[in-house]
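Please open the model in your viewer and keep the selection tool at hand. The stops below say what to select and what to look for there.

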Amino acid sequence: MKSHPRNVPIKGDPFIPSRFIFGDAVEEKGLEPYEYVIHTQEPVFVCRLVGMDLTPFDGRDQEGFRSVVLYDESHHLTHYVTNSGFRLFDFNFWGEIPTAAQLQKICDEAMQVYQRLQKAYIDREVAPKERDFRLVPTEPLPPAERQARIAELLALSRDAQQNPVKRIQLAALVQQVLSGGDQAVFTEAQLALQGEAAARKLLLDCAHDTIAFPEVMRPDGHVASYELWAFPVVFSRAQGGVWWHFPLLEQVEPPLAEALQLAPETILWMSPTIFTVDSLAERSCQSLVHLAPTMDAGCDLALHDVAASRASFEAASTVNEPQLVLAWLPFIVERGKLPLAQVRRHAREALDATMPLVQQALSAEMVYGEAELFMPLPWWEALAAGTAAYNRKRFALTMAVLAGSELPDGLHAEAEYQPEHQAYDVRLLGGSQQLLAHTPWLLTPDLSPDRSLVWQDLQSCLRQAGIPVTEHAPKLH
C-alpha cells in the first residue's frame with residue numbers, strides 16, 4: 001500500500017453492503033437505549049429500533065405476524081409497529097420518500113432479517129456449532145507384535161544416546177507408538193529401562209516433548225507447530241460422575257488471547273474436552289498425543305464413546321457423592337508465540353477474563369458447587385502445579401474440619417501408597433493410634449509418575465504443618 005494523495009477523489013469499493021444493517025450507537029453516557037436500522041438500497045433511510053413496544057393498533061392481538069405504519073399527528077412522526085413488540089421510528093430518508101405501503105413492505109423484510117440475526121446471535125453464544133468427535137484409539141496389539149514393538153523401542157532408546165540420527169528416528173517412533181492404540185508398548189518399554197537411567201530419561205524426554213510440542217501434518221503437506229498449555233481447575237460436586245466435554249469453552253479463546261496480549265492472527269485454540277486425574281491416569285497421559293491433531297482438524301477429542309459416556313454420567317449423577325475434582329483445561333498455541341514470562345505478567349488479567357466463561361461452560365453441562373481456576377502454564381508444569389495445589393487444598397480442608405474439635409496430643413500421620421489410585425492415603429492419627437481423618441495425596445499424572453517426588457512433597461507440606469509423617473508399607477500375605 002501507499003499513502004493516499006490528500007486531494008484525490010475517493011473511488012468506492014466494489015463490495016456491496018448488506019441491504020439491512022443493524023447496530024448500536026454511543027452517546028456521552030454510554031450506549032443509546034435503542035438500536036439503529038439502515039436500509040442501504042432505494043429508498044435509503046436510517047431509523048431507530050426498540051423492542052417490547054405495546055403501541056395499540058387493530059392487528060395487535062391477532063395470530064401470526066402483523067404490522068402497520070402509523071402517523072403521530074401531535075409530533076408529525078411516522079411509526080412502524082408490529083404485534084411482536086418491535087417499533088421503528090425517527091425515519092430519515094435520502095432521496096425519494098416512499099409511500100406508507102412501500103415503507104411497510106421494506107420494514108417487514110427488515111424485521112425478518114432482524115429475527116434471523118438474533119437467532120444467529122443466540123446460536124453462537126448458547127450452542128456453538130457441533131463438531132465431529134475423534135475417539136481416542138484403543139487397539140491392543142497381538143502379544144508377538146507388541147513384544148516386537150517394545151524391543152524396537154528399547155534398542156533405539158539405547159542407540160540414540162550417542163547417535164543424533166538415531167535420536168531423530170526415536171522421536172518418530174515414539175510419536176508412532178503413542179499414537180497407536182496399545183498403551184502397553186510405551187509403558188512396558190520405559191519400565192524395562194529402569195536399570196538404564198540415561199536411556200530411560202531420553203525415552204521419557206522424547207515422549208514429553210512429543211506431547212508438549214506437537215507437530216501436526218496437514219493434508220496439504222504443511223506442518224504446523226504448537227505448544228500445549230493448560231489451566232488447572234478445581235471444582236466441587238455433590239453428585240457422582242464427572243463430565244468431560246464442554247462446547248462453550250470455545251468462547252474462552254478470544255478474551256484469553258487478548259488478555260495474554262498475543263500477536264494478531266496467532267492461533268490459540270481451547271479444547272472443549274477437559275482432562276481429570278482419572279482420565280489421564282487411565283492411559284498414563286498417552287491420549288494427549290491426539291489432542292493437537294484433533295483440534296487442528298476442527299474436531300473434538302472424545303475420551304470414550306460419547307453416547308455411552310453421557311449415559312454413564314447421567315446415571316452416576318443420581319447418586320449423592322460429594323467430591324472435589326481436579327482437572328485441566330488444555331489449549332494449544334503456535335510455537336514460540338507465548339513466552340512464559342509474558343503469561344506471568346498477564347496471568348491476573350487472563351484469569352479475570354476467562355473465569356466467568358469457564359463457569360458458564362461448566363454449568364451448561366453439569367451441576368457443580370464452586371470452581372477455582374489457576375494460572376495457565378505449559379502442559380507438564382500445569383500438571384505439577386495443579387496437583388500440588390489440589391493436594392494442599394484437600395489437606396487444608398481436612399485440617400479445618402479437625403480444628404472444630406479438640407485435637408489430641410501426639411498428632412501424627414501415616415501415609416500408605418495405593419497404586420490403584422496413584423495416590424497416598426494419608427491417615428491422621430492421635431497419640432493412641434486413634435484414626436481422626438484421612439485424605440488422599442495424589443501423584444502428578446505423567447507418562448511415568450514419580451512416586452519419590454510426591455513423597456518428598458508430602459513430607460515437606462506436613463513438616464510445615466508440624467505433623468510428623470511416616471510411610472506405611474502394607475504387608476502382603
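This tour of a predicted model goes from a sheet to a helix pair and then to two single residues.

**The sheet**

Start with the sheet whose strands run in the order S1-S4-S5-S8-S7-S6. It is an open sheet of six strands, and the pairing is antiparallel. Which strands sit at the edges? Select residues 20-23 for strand S1 and residues 67-72 for strand S6: each of these edge strands pairs on one side only. Looking across the sheet, you will find neighbouring strands turned against each other by 25° on average, with direction ignored.

Stay at the S6 edge and add strand S7, residues 77-82. S6 and S7 are joined by six bridges in the antiparallel sense. For one position in this pairing, select Val68 and look across to S7, where its bridge partner is Val81.

**The helix pair**

Next, select residues 143-159, which are helix H2, and residues 164-179, which are helix H3. How do the two axes cross? They come within 9 Å and cross at roughly 150°. Angles over 145 degrees count as roughly antiparallel, so H2 is roughly antiparallel to H3. The crossing of H2 and H3 is left-handed.

To see the contact itself, show the side chains. On H2, select Arg149, Glu152, Leu153, Leu156, Ser157 and Asp159. On H3, the residues to select are Lys166, Gln169, Leu170, Leu173, Val174, Gln176 and Val177. Sorted by class, the contact of H2 with H3 holds six nonpolar, three polar and four charged residues.

**Ala297**

Move on to Ala297, in the loop that lies between helix H8 (291-296) and strand S14 (300-302). Its relative accessibility is 40%, so Ala297 counts as partly exposed. Now select Thr82 as well and draw a distance between the two C-alpha atoms: Ala297 and Thr82 are 215 residues apart along the chain, and their C-alpha atoms are separated by 45 Å.

**Asn391**

The last stop is helix H12, residues 379-402, where you should select Asn391. Is Asn391 buried or exposed? Buried means under 20% relative accessible area, and Asn391 has 1% relative accessibility, so it counts as buried. Which residues are in contact with Asn391, once its neighbours within four places in sequence are left aside? Select Pro440, Trp441 and Leu442 to see these contacts of Asn391.

Technical notes:
Residues are numbered from 1 along each chain as its sequence is written. This is a predicted model: local features need pLDDT of at least 70, side-chain atom pairs count only at pLDDT 80 or more; totals for chains, interfaces and linings use all residues. Side-chain values use heavy atoms; hydrogens and water are left out. Helices (H or I, at least four residues) and strands (E, at least two) are DSSP runs, numbered from the N terminus. Buried means under 20% relative accessible area, exposed over 50%, partly exposed in between (1.4 Å probe, protein chains only). Axes are lines fitted to C-alpha atoms, for helices over the stretch in contact, and angles run from 0 to 180 degrees between N-to-C directions. Angles under 35 degrees count as roughly parallel, over 145 as roughly antiparallel, 65 to 115 as roughly perpendicular and the rest as oblique. A crossing is left-handed if the near helix is turned anticlockwise from the far one by less than a right angle, and right-handed if clockwise. Contact means heavy atoms within 4.5 Å. Ala, Val, Leu, Ile, Met, Phe, Trp, Tyr, Cys and Pro count as nonpolar, Asp, Glu, Lys and Arg as charged, and the others, Gly among them, as polar. Two strands pair if DSSP finds at least two bridges between them.
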